[in-house]
Amino acid sequence: MKRLTPLFALLFGALWLSACAPSAGRGPSWPGLAADSERAYLADGQFIYAVRLRDGTKVWQYPEKGGAATFYSNPLLTPDGQLLAGSAGNDHALYSLDAASGKERWPAPFRGAADRWIAAPLVVGNLIYAPNNDGTLYVLDLSNGKLIWSLPISHSLWATPVTNGKLLFLASLDHFLYAVDPQARKIIWKRDLGGALPASPALSADGSTLYAGAFTRQMYAVHAEDGTIRWTAATHDWVWATPTLDDGIVYAADLSGYVYALDASDGKNRWPEIQPDGAITASLLARGENLLAATEAGTLIAFNRAGEKVWDVNVGGKIYASIVDAGEQILVSPLNADFLMAALNPEGQILWKFTGK
């Protein structure tokens, strides 16, 4: 598995060692992206940027000058206009910013965690469910960031929780998938999947089944009610990203760059063997008739639903971060490129590049 060495050097070295102290310039790990109808939001190293989608112009950056915070996880947009972002720096803070202006919304950031924030939180109603690298799930008041309750889960929670409206589901690097009852504030089941789970599972539309990849060369379908395994499907390599569930198909990719279209009912692969030009750590993006994949080689590829390539474009650098659908635009943020973020049209043509200025 030749791809594992650079990937692990990048992620584990960056987040476990370099994140302990602030550094100038772009951060050592891949960035986080989000977007609304007007702006893209890029969490990258010491800064969060808001960028106008129309032309790639910077609207604001937070903070004005770099400090103790280091941002990598995807910022989370809330229905009331907040942008939530956790720091992977030595401040261990979870911030709330006004999405329009970049100003802090809470009286103070939440600083009650013992370690850095790798995962984006989940917001349900007026509650924030925020997993921390210290292995604890923190539940905060959305309006002010105050702690309501917390629950020790395991260690090294790097994935955003998902919910079916009854239970919360958390993936952990300790190999377990956990189900938490937020009313009872306790774990009701856990399932050992045999390898680290760095990303969130995908949840079926009816909330009955979780689809997860792991560092075991396997994909899993798990009953949400009790954690029993419905099916497994072999992959060539470890699966890093959250699977993409669309129209009864579970789309996934692995660290050797293979792409899979698994039937949600039985795990059978519907596509021929497909391997683009590099490792894939970003979730695949289902967009209209196409499925988009981004590779470590810096290539964005569009497949049709039969697994046939429609177009590809090399944007430069190495793409590890999520691809974001921003309406008429597709957003990517490569590492080792001469820009921080690029917007493409649905045909793969680059519309603008953002350099941070």
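# Salt bridges and paired strands in a predicted model

K309 and D312 form a salt bridge, with their closest N and O atoms 3.2 Å apart. The model is predicted. K309 is exposed, at 55% relative accessibility, while D312 is partly exposed, with a relative accessible area of 41%. This briefing covers the salt bridges, then the strands and their pairing, and then the setting of T299.

**Salt bridges**

- The model has 10 salt bridges by the rule used here, a side-chain nitrogen of Lys or Arg within 4 Å of a carboxyl oxygen of Asp or Glu.
- Side chains of opposite charge can pair when their charged atoms come close.
- Shared partners in salt bridges join D36, E38 and R39 into one network.

**The pair D80 and R105**

- A salt bridge brings together the side chains of D80 and R105, at 3.9 Å from N to O.
- D80 is in the loop between strand 5 (76-77) and strand 6 (82-86), and R105 is in the loop between strand 7 (94-98) and strand 8 (122-124), so this pair ties together parts that are 25 residues apart in sequence.
- D80 counts as partly exposed, at 39% relative accessibility.
- R105 is also partly exposed, and its relative accessible area is 34%.

**The pair R305 and D246**

- Which residue does R305 meet in a salt bridge? The partner is D246, at 2.6 Å from N to O between the side chains.
- This pair links distant parts of the chain, 59 residues apart: R305 lies in the loop between strand 25 (299-304) and strand 26 (309-314), and D246 lies in strand 20 (residues 244-246).
- R305 has a relative accessible area of 25% and is therefore partly exposed, a class that runs from 20% to 50%.
- D246 is partly exposed as well, at 26% relative accessibility.

**An open sheet of four strands**

- Four strands make an open sheet in the order 8-9-10-11, and their pairing is antiparallel.
- Strand 8 and strand 11 (147-152) are the edge strands, each of them pairing on one side only.
- On average, neighbouring strands of this sheet are turned by 20° against each other, direction ignored.
- Within the sheet, strand 9 (residues 127-131) and strand 10 (residues 136-141) run antiparallel and are joined by five bridges.
- L127 has D141 of strand 10 standing opposite.
- Strands of a sheet pair through backbone hydrogen bonds, either parallel or antiparallel.

**The hairpin of strands 29 and 30**

- Strand 29 (residues 341-344) pairs with strand 30 (residues 350-354) over four bridges, in the antiparallel sense.
- A343 stands opposite W352, a residue of strand 30.
- How many residues lie between strand 29 and strand 30 in their hairpin? There are five, and G348 in the turn has a positive phi of about 90°.

**The setting of T299**

- T299 belongs to strand 25.
- Is T299 buried or exposed? T299 is buried, because its relative accessible area of 6% falls under the 20% limit.
- The side chains of T299 and D277 are joined by a polar contact of 2.6 Å.
- Leaving aside residues up to four places away in sequence, T299 touches D277, A293, A294, D312, V313, N314 and I319.
- D312 therefore appears twice in this briefing: D312 is touched by T299, and D312 is the salt-bridge partner of K309.

Technical notes. Residues are numbered from 1 along each chain as its sequence is written. This is a predicted model: local features need pLDDT of at least 70, side-chain atom pairs count only at pLDDT 80 or more; totals for chains, interfaces and linings use all residues. Side-chain values use heavy atoms; hydrogens and water are left out. Helices (H or I, at least four residues) and strands (E, at least two) are DSSP runs, numbered from the N terminus. Buried means under 20% relative accessible area, exposed over 50%, partly exposed in between (1.4 Å probe, protein chains only). Two strands pair if DSSP finds at least two bridges between them. Axes are lines fitted to C-alpha atoms, for helices over the stretch in contact, and angles run from 0 to 180 degrees between N-to-C directions. A polar contact is a pair of N or O atoms within 3.5 Å; within protein, one must be able to donate a hydrogen and the other to accept it, and residues adjacent in sequence count only if both atoms are side-chain atoms. Contact means heavy atoms within 4.5 Å.
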